[in-house]
Amino acid sequence: MSVDKPWTRRAALQGIATTAAAAIVPTGVFAKPAGGAGRVPWREAQARAAQRLTFFTAKWRFYRGDAPGAEAAGFQDAHWRLLDVPHDWSIEDRDVPAGANGAGTIWTEGTPPTRTGPFDLLASQGQGATGWTVGGTGWYRKTFAKPRLSQGGTAQIIFDGVYMNADVWLNGVHLGNHPYGYTEFAFDLTPHLRDGENTIAVRVNNAGRNSRWYSGSGIFRKVWLSLSGPLRIPVHGVYVTTLEVSAEAALVNLDVMLHNGGAQAAPATLRARLVDAAGRVAATAQTAVTVAGNGKQAARCAFHVTRPHLWSPRDPHLYRAEVLLETEGRLADATTQVIGIRKVEIDASHGLRINGESVKLRGGCVHHDNGPLGSAAIPRAEERRVELLKAQGFNAIRTSHNPPSPDFLNACDRLGMLVIDEAFDCWEDGKNPQDYHLYFRQWWRRDLESMIQRDRNHPSVILWSIGNEIHERAEPQGLAIGHELATYVHSLDPTRKVTAAICGPWDHPKQTWRDMQPAFSYLDVGGYNYELQQYQPDHVTYPQRVMVGTESFPNQAYQNWQAIEKDSWVLGDFVWTAMDYLGESGIGHATIANHPGPDDLVRPYPWFNSYCGDIDLIGNKKPQSYYRDVVWRRSPVEMAVQRPVPQGWTETTSPWGWSDELRSWTWPGLEGTPLTVRVYTRADEVKLWLNGAPAGEKRLTPADALQAEFTVPYRAGVLKAVAYEQGREVGAISFRTAGPARRLHLTADRRRLAASRDDLSYVMVTVVDAEGQPLPDTTVPVSFELRGVGELAAVGSADPKDVASFRQPHRRTFHGQCLAIVRPQEKPGAIELRATSPGLEPTSIRLEVTSHRRRPFT
């Protein structure tokens with residue numbers, strides 16, 4: 001590998017107090033241990049190893065716009081904004097002239113600018129696809145002291161992700177360019193370092209129409225400074241496989257690549273040990289190796305583990321593999337790799353098995369943004385998304401349509417979430433004029449290598465996806481590419497199967513589903529997008545084909561799950577989508593009209609988020625999620641009430657939408673109005689009661705798809721549904737009418753934070769009545785005031801049409817709630833967040849920030 005070109009591998013220790021799990025940690029050559037020649041103590045070596053990977057995230061200078069000459073070391077950037085990365089400028093407020101707004105209001109030249117939200121109807125090149133946000137060009141600069149290196153050592157800068165087209169300079173020397181926004185890349189800084197101060201400059205160019213969803217802009221994932229000696233284990237140089245696994249024993253292979261940057265051959269000893277979550281050593285191994293001068297050498301350490309604690313979605317136990325490289329009694333390098341011991345088997349006869357146990361994928365597609373934070377991959381935000389999905393019954397995520405952040409996968413490992421890790425949304429045929437198709441032919445190998453070598457040690461990753469709804473998927477050109485990609489993936493990781501999301505011929509109007517069949521020839525597992533009806537006939541024709549629903553409509557959850565439970569060859573289903581995301585504005589809409597006409601897929605401004613998720617933009621369940629609870633047998637009965645539709649009007653829902661329902665019996669001003677009540681259950685009978693009096697009953701048949709619908713004139717009080725199976729009550733649910741809004745209630749997901757920029761507290765604001773009962777359909781303005789050792793990182797609501805700032809300290813509630821996200825400073829102390837609204841009792845919450853401490857496996 002040439003040192004003057006990008007290196008698509010990364011140092012992997014995500015050493016943070018709040019979320020990240022460890023991966024590979026390169027180190028330098030350290031002094032001989034006390035006591036002379038001999039084995040290097042593990043404690044000393046690992047402590048020193050951790051010190052050799054440096055967060056490179058603090059105190060970057062940023063300028064939004066182009067800045068000719070900013071690559072030069074002596075460029076004056078003192079007036080630029082000082083910030084930490086991860087950072088996304090597209091979610092931030094824009095400076096616009098006074099009088100202008102996102103709808104393009106005429107303004108008078110020369111008037112002073114004012115602050116507004118991130119949305120701009122005219123300036124957004126992505127338009128509704130990217131949520132009316134603005135990309136463009138931005139610059140980052142960081143000055144740092146020359147790091148101390150041993151003789152022959154190297155220094156690298158590693159970027160987890162920059163969207164997009166990043167050019168990097170060190171002291172005015174152009175190190176290279178990286179087009180794809182979602183893969184890691186690195187540059188060797190060593191040849192261009194100076195004594196004293198050095199300056200890194202990064203130009204990011206997110207121009208044109210290059211994405212079908214909100215991408216964000218900038219250095220939106222972490223940056224690292226990695227230091228190593230001449231004899232080293234390269235980043236991602238440890239590859240873990242667990243091919244022999246049972247409850248009694250496991251064979252864990254660590255294949256380690258060694259690099260020698262010195263001129264002379266280096267005899268060395270590679271030592272490894274496996275440590276469980278309690279800190280006990282479960283196995284040890286070592287091997288002798290000689291690495292030629294200026295050469296590379298592979299070595300293997302094998303762990304024989306007795307009665308291993310296996311990793312699974314229900315019990316995601318993690319081990320820590322520690323690896324030391326010694327030469328002549330000195331520590332040359334050390335790495336730490338978190339692993340999970342598990343066995344994954346997939347075939348048509350038995351489906352998916354993990355450690356011999358059958359698993360059906362209760363999956364959801366997830367885009368990479370973090371709602372009000374934009375695409376900034378703050379570790380706690382990444383972890384929270386996985387926590388929310390796990391809490392709502394999901395056991396699998398498809399990372400549509402790009403590789404996720406390392407912190408996201410670390411959270412999946414810790415929490416037991418299975419992953420389809422997806423590489424691309426297009427190949428050579430683009431979907432937008434400036435998207436990845438411009439770079440595919442030159443970059444696909446490097447980007448696949450970056451994704452797979454970074455992610456292949458994650459036990460959560462069970463499948464690789466090489467594409468989503470690729471235009472040329474079944475054409476001769478696409479077949480050649482698909483086979484080439486799949487073959488390369490298997491060469492990098494023979495232990496996992498390859499899939500891709502294959503859709504019907506909507507983009508080839510003269511073709512049929514039969515014409516799509518060649519696309520399955522390069523796949524180990526066939527991904528089906530919205531083709532539920534093809535499962536059975538395709539199985540008859542291709543009985544050995546393994547299928548998975550890579551995308552499905554929310555309103556077909558029951559039908560999909562029926563097929564999955566019945567047929568072994570269908571591994572599971574991934575709904576589009578598990579969570580609301582920015583962009584693809586309003587594809588999950590429900591609208592009403594008195595003269596229904598054509599229903600546009602993407603809704604016009606001011607719609608800015610998809611609104612098609614089971615979970616909304618701030619983390620709360622939506623009605624379809626409660627229905628899914630019944631489908632997945634997590635709840636015996638659920639209920640919702642449709643917002644009344646005026647007489648003569650009609651509600652229209654998109655294929656990804658859901659009726660405008662609320663879990664509420666609070667409808668002031670609608671006394672006597674007939675309301676549609678829907679009860680979801682697997683029981684065979686439902687009875688409805690209003691204020692203790694019968695309000696309806698219904699027996700359910702398979703054709704009802706677990707839904708019983710009633711019409712009930714509204715009257716304040718208690719609405720109750722009771723579900724019966726063969727005359728026996730199996731569940732009940734009730735809604736009680738709330739009183740007038742009295743006060744705000746604050747609930748923090750975590751009231752104790754680490755003194756780390758990687759941590760966050762999500763504080764939910766709920767409008768409640770005098771008894772503390774939420775008002776699920778109340779809109780009030782809320783203002784925030786924060787004091788102490790933190791900052792208000794973002795505010796937001798679930799409203800898909802509220803084009804307001806995510807950064808200003810105020811927000812309107814939607815469905816009675818809004819959200820404040822608090823980010824601590826890097827010092828202990830207290831944070832007080834106060835929320836007020838006109839006419840309501842104010843409230844506050846106190847958060848504690850403690851000293852930064854590491855968790856296990858970080």
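Let's start with a helix pair in this predicted model: the axes of α2 (residues 379-391) and α3 (residues 406-415) come within 8 Å and cross at roughly 40°. Angles from 35 to 65 degrees fall outside the roughly parallel and roughly perpendicular classes, so α2 and α3 are oblique to each other. The crossing of α2 past α3 is right-handed. On the α2 side, the contact uses P379, E382, E383, R385, V386, E387 and K390, while α3 brings in D407, F408, A411, C412, R414 and L415. By type, that contact splits into 6 nonpolar and 7 charged residues, with no polar ones.

Next up is helix α7, residues 557-566. Its buried residues are A557, Y558, N560, W561, A563 and I564. An α-helix has 3.6 residues a turn, so residues three or four places apart point the same way. Here are elements that help cover the buried part of α7:

| Covering element | Residues |
|---|---|
| β24 | 361-365 |
| α6 | 535-541 |
| β30 | 546-552 |
| β31 | 570-575 |
| α8 | 623-631 |

Now for a sheet. Four strands form an open sheet in the order β42-β44-β48-β46, and the pairing is antiparallel. At the edges sit β42 (743-748) and β46 (790-796), each paired on one side only. On average, neighbouring strands in this sheet are turned by 25° against each other, ignoring direction. Inside the sheet, β44 (residues 761-768) and β48 (residues 817-824) run antiparallel and are joined by 6 bridges. Looking at a single bridge, T766 has Q817 of β48 as its partner.

Methods
Residues numbered from 1 in each chain as written. Predicted model: local features only at pLDDT ≥ 70, side-chain atom pairs only at ≥ 80, totals over all residues. Heavy atoms only, no water. Pairing = 2+ DSSP bridges. Helix = DSSP H or I, 4+ residues; strand = E, 2+ residues; numbered from the N terminus. Axes fitted to C-alpha atoms, helices over the stretch in contact; angles between N-to-C directions. Buried < 20%, exposed > 50% of the residue type's maximum accessible area, 1.4 Å probe, protein only. Contact = heavy atoms within 4.5 Å. Parallel < 35°, antiparallel > 145°, perpendicular 65-115°, else oblique. Left-handed = near helix turned anticlockwise from the far one by under 90°. Nonpolar A, V, L, I, M, F, W, Y, C, P; charged D, E, K, R; others polar.
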